[in-house]
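Biologist: I am new to this structure and would like to learn how to read it. Could you take me through it, one feature at a time?

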Amino acid sequence: MNNSIKQYSIGELLDGRYFYIPAYQRGYRWTSKQVEDLLRDILCFAHDKKKDFDFYCLQPIIAKPITGDEKMQALFKDVPVEKLREKGCWEIIDGQQRLTTIFILYRYLMLKKNWDEEMLYEEEDGKELYHISYATREDSSEFLNTLSLDALDADTAAAPNIDHFYMLNAFKTIDEWIKTTGKQINARYNLAKGLEAVRTPIFELLNGMRDTKTGSIQVLWYELEEGVENSIREFQKINTGKLKLTDAELVKGLFLQSKNFNQGGKFIDQNILASEWEMIENTLHSNSFWYFLQRKGVDMANRIDLIFSLIYKRHRLETLPPEAHAEQLEIIDREIQDTRKSVIFRYFYDMFEGFQGDALQKKVAEAWEEVTETFRRLDDWFWTPKIYNYIGLLSQCGEDIVNHLIYYDTQLGDLSSQDDFLEYLKNRIRYQLRSVHKNEEGVIDLKYKQRGLVYKVLLTLNVHLVNMQNTKLNSTSEIYKFPFDVLNEQDWDIEHIDSFSTNKLKRDEDKEEWINTAIADLLNSDEMKEEKAKILELKENKEYAEAIAYIKRLAKEEEENEDVKNNICNLTLLDSQTNRSYGNSLFCTKRRIIIDRLMNGVFVPIGTQYVFAKLYDQSGTNRSAWRQDDMNAYGKHITQLLNEFLTSEN
């Protein structure tokens, strides 16, 4: 692979180079809003407090070098070939909208300074605005190069073609924005109100170099190897959504550059690195692996990004005390989610920058070794059921896996026993359940409105039941690994065991359906003929409330108060489809549906199975109702099982 990735400031691109926009791309189409958003970002960045050498980052540009005198001369007919060789030529595969907008903005600022190319060269240390040539509308280049302030009075509707319309609109938008919104932003920062005070900081950022202390505007430059077919194929991938320049794509290009390897594979072989990359990527794309590391609903466009983000986070956190990690992780996550910054890529880019030859190859090999070591650690945990279960639980509770890696590396290491790490994980679970309290009877007391904490407790219960099997059987079998991927796929949530209320049945047809289901589940014996006839009569007369109340009395479902029915002793976890299928049905109906789903191969959490199997009914006489004594027994069972995770503060 001869592709390369570089980091440029816009100031570095102002060296007179030539950009060619091929015919397979559409013309310039940025709207006023896109231009205004860019201006707002740049001006606010210029005024915000920032670190020395900080920068505002544009989306990546994908380019391919153009070489060969004949080819360059054919594309840039009026430019001497010697100058083309000196300045350099590139085919822009993605990024022409940004490059054209920056060109229009920079030309506007030059015109407002009354500078020509010679003045720019003298005043800005040899800078020269880059040149853009468009394959489909060659006159667009001339249009851009001859833009003048007189054009601000021109009618955009009179533009000779659609490209010129958008270019002129961008030019006029810049002028209007600076006179209005730009002045308002400066006033908000208590800065000078004049227009020059708006234009100057934008111009200075555009001219900034990577080593400019006061800041710059920078771009990731993804350079492809030569080949027309290659360019078209890459462009098609981008525009059909197949190629996304995520941090992983950029880092992959960075690691696999040919200059990182020698023929003998002295430090690492390119093919080995590429195959290991593929193996890691494939493993992470297995949901059973992914969702023991990430909470329900979290995904990434390219999952190998997780490994690189873990390495980045670890190095950012390793010098900080553990109590500072949570706050710092929030900051780091915000940085990572800002795709414009590509902080993960920049971390590795800075790691390799300045190295050459053997020194570079050694550095790349060391960095890749950290990648494979990080993955191997996760893989080891995945294949150890107890550790897998607890880490998966903590991930679903929102804990970042990087904390476990840091603890393992700094406090344990390879010589520590598995029990030491398990005890650490149990302590993390205790921390997650630190807000759980017991009532006067010593039973966990949680209400439905505390949904987040109830969910954690019920999930801990189900995971712990699986780990108990591992402990009793001394098993390392995958059978006793909790299915966190199924947790995500089935979208489990909290559900009342005994129906909280039938008041939600607003429509008559819903009430009729509830009554018909209840009759089928409860009154299908000869002994219940009279009761069934009475209920049918009430239904026929549309006396639905009386029919429902009568059925509940027959089912011996007690009308407990709201506090009791909303307590954790009447709550369980269930997948959304099962939940929707029975709503506020009788317990006996819910039990039938659960059994049907189990018999049809649907996974039901162990704790939920225990509830509907009535394992807490010590008398063993009533399988059709969930009563107060069942709730009490269930609450005590949860408390007893989870007691080791409840601290003295609980």
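Biologist: Which residues touch the most other members of the largest nonpolar core?

Modeller: Here is the general idea: in soluble globular proteins, nonpolar side chains tend to be buried together. In this predicted model, the largest nonpolar core has 109 residues, and Phe255, Phe308 and Trp381 touch the most other members. Take Phe308 as an example: leaving aside residues up to four places away in sequence, Phe308 touches Val251, Phe255, Trp277, Ile344, Phe348, Trp368 and Val371. There is also a second, separate core of 57 residues, with Val35, Ile102, Leu129 and Leu152 among them.

Biologist: How many helices and strands are there in the protein, and what percentage of its residues is buried?

Modeller: The protein has 30 helices and 8 strands. Of its 650 residues, 51% are buried. Contacts along the chain add to the picture: among those between residues at least 6 apart in sequence, 74% join residues at least 24 apart.

Biologist: Phe308 came up above. What does its helix, H14, pack against, and at what angle do the axes of H14 and H17 cross?

Modeller: A useful idea for reading helix packing is that an α-helix has 3.6 residues a turn, so residues three or four places apart point the same way. Here, helix H14 (residues 305–317) and helix H17 (residues 357–382) have axes that come within 10 Å and cross at roughly 105°. That angle makes H14 roughly perpendicular to H17. On the H14 side, the contact is made by Ile307, Phe308, Leu310, Ile311, Arg314 and His315, and on the H17 side by Trp368, Glu370, Val371, Thr374, Phe375 and Leu378. By class, the residues of this contact of H14 with H17 are 8 nonpolar, 2 polar and 2 charged.

Biologist: And H14 with H15: which way is their crossing handed?

Modeller: The crossing of H14 and H15 is right-handed. Helix H15 covers residues 325–337, and H14 and H15 pack at an angle of about 135° with their axes 11 Å apart. The two helices are therefore oblique to each other. H14 brings Ser309, Tyr312, Lys313, Arg316 and Leu317 to this contact, while H15 brings His325, Gln328, Leu329, Ile332, Asp333, Glu335 and Ile336. This contact of H14 with H15 has 5 nonpolar, 3 polar and 4 charged residues.

Biologist: How many residues of helix H11 are buried, and what covers them?

Modeller: In H11 (residues 247–255), 7 of the 9 residues are buried, so this helix is largely enclosed by the rest of the structure. Those buried residues are Asp247, Ala248, Leu250, Val251, Gly253, Leu254 and Phe255. What covers them includes strand S1 (4–9), strand S6 (216–223), helix H12 (270–284), H14, helix H16 (343–352) and H17. Val251 and Phe255 were also on the list of residues that Phe308 touches.

Biologist: Now to another helix pair. How do H2 and H5 cross?

Modeller: The axes of helix H2 (residues 32–47) and helix H5 (residues 96–113) come within 11 Å and cross at roughly 65°. That makes H2 roughly perpendicular to H5. H2 passes H5 in a right-handed crossing. Val35, Leu38, Leu39 and Ile42 of H2 meet Thr101, Ile102 and Leu105 of H5. The residues of the contact of H2 with H5 comprise 6 nonpolar, 1 polar and no charged. Val35 and Ile102 are also included in the second core.

Biologist: What should I know about phi, and where does Phe53 lie?

Modeller: Most residues other than glycine have a negative phi. Phe53, not a glycine, has a positive phi of about 70°. Phe53 lies in the loop between H2 and strand S3 (55–66) and is partly exposed, with a relative accessible area of 42%. Asn114 is another such case, with a positive phi near 65°. Asn114 lies in the loop between H5 and helix H6 (117–123) and is exposed, with a relative accessible area of 67%.

Biologist: One last residue: is Ser141 buried or exposed?

Modeller: Ser141 is buried, since its relative accessible area is 14% and buried means under 20%. Ser141 sits in helix H7 (residues 139–145). Not counting residues up to four places away in sequence, Ser141 touches Ile132, Ser133 and Tyr134.

Methods: Residues are numbered from 1 along each chain as its sequence is written. This is a predicted model: local features need pLDDT of at least 70, side-chain atom pairs count only at pLDDT 80 or more; totals for chains, interfaces and linings use all residues. Side-chain values use heavy atoms; hydrogens and water are left out. A nonpolar core is a set of buried Ala, Val, Leu, Ile, Met, Phe, Trp, Tyr and Cys residues joined through side-chain atoms within 4.5 Å. Buried means under 20% relative accessible area, exposed over 50%, partly exposed in between (1.4 Å probe, protein chains only). Contact means heavy atoms within 4.5 Å. Axes are lines fitted to C-alpha atoms, for helices over the stretch in contact, and angles run from 0 to 180 degrees between N-to-C directions. Helices (H or I, at least four residues) and strands (E, at least two) are DSSP runs, numbered from the N terminus. Angles under 35 degrees count as roughly parallel, over 145 as roughly antiparallel, 65 to 115 as roughly perpendicular and the rest as oblique. A crossing is left-handed if the near helix is turned anticlockwise from the far one by less than a right angle, and right-handed if clockwise. Ala, Val, Leu, Ile, Met, Phe, Trp, Tyr, Cys and Pro count as nonpolar, Asp, Glu, Lys and Arg as charged, and the others, Gly among them, as polar.
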